[in-house]
Amino acid sequence: MTTVLGVLQVFVCVVLIFLILMHSGKDAGLSGAFGVGTGAGPFGGGSLVERNLNRWTIGFAVVFAVNTILLIKIS
């Protein structure tokens, strides 16, 4: 069981790093350099791709945290 959770932990870590690096910064582009806009509208803003990227990142972060707690409890 520990081996399976360990392999899952490594996979989740790699995917989570990739997802975090896919995010664009708040100061992306020329408008961000002058503080003109953040690209977010009043209802969370951003494109559908950005919202889905946020959801996937949060999901993998939760899986990472739960898996870490399980590994600590088992060890």
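Thr57 sits in helix H3, and in this predicted model that residue makes a handy way into the fold. With a relative accessibility of 12%, Thr57 falls under the 20% cut-off and so counts as buried. Leaving aside residues up to four places away in sequence, Thr57 touches Leu16, Leu19, Ile20 and His23.

Thr57 has company along the helix: Leu53, Phe60, Asn67 and Leu71 of H3 are buried too. Part of the cover over the buried residues of H3 is provided by helix H1, residues 2-22. As for the helix itself, H3 runs through residues 48-74, which makes 27 residues. At 1.5 Å a residue, H3 should span 39 Å, and its end C-alpha atoms are indeed 39 Å apart, so expectation and model agree.

Stepping back to the whole protein, there are three helices and zero strands, giving the pattern α-α-α when read along the sequence. What share of the 75 residues in the protein is buried? The figure is 17%. Contacts often reach across the sequence: of those between residues at least 6 apart, 84% join residues at least 24 apart.

Next comes the inside of the fold. In soluble globular proteins, nonpolar side chains tend to be buried together. Here, the largest nonpolar core has six residues, namely Val12, Val15, Leu16, Leu19, Leu53 and Phe60. Both H1 and H3 supply at least two residues of this core, with the largest share, four residues, coming from H1. Two members of this core, Leu16 and Leu19, are also among the residues that Thr57 touches. Val12, another core member, touches Phe60, Val63 and Phe64, again not counting residues up to four places away in sequence. Of those partners, Phe60 belongs to the core as well and is one of the buried residues of H3.

Then there is the outside. The accessible surface of the protein comes to about 5800 Å², and 75% of that belongs to carbon and sulfur atoms. A nonpolar patch on the surface is formed by Ile58, Val62, Val66 and Leu70, which together have about 360 Å² of accessible area. Is Val66, from this patch, buried or partly exposed? Val66 lies in helix H3, and its relative accessible area of 46% is between the 20% and 50% cut-offs, so Val66 counts as partly exposed. Helix H3 thus holds both buried Thr57 and partly exposed Val66.

Conventions: Residues numbered from 1 in each chain as written. Predicted model: local features only at pLDDT ≥ 70, side-chain atom pairs only at ≥ 80, totals over all residues. Heavy atoms only, no water. Expected span 1.5 Å × (residues − 1). Buried < 20%, exposed > 50% of the residue type's maximum accessible area, 1.4 Å probe, protein only. Contact = heavy atoms within 4.5 Å. Areas by Shrake-Rupley, 256 points an atom, 1.4 Å probe, with all protein chains shown as cover. Core = buried A, V, L, I, M, F, W, Y, C linked by side-chain atoms within 4.5 Å. Patch = residues over 30% accessible without salt bridge, like charges linked within 9 Å, V, L, I, M, F, W, Y side chains within 5 Å. Salt bridge = Lys/Arg side-chain N within 4 Å of Asp/Glu carboxyl O.
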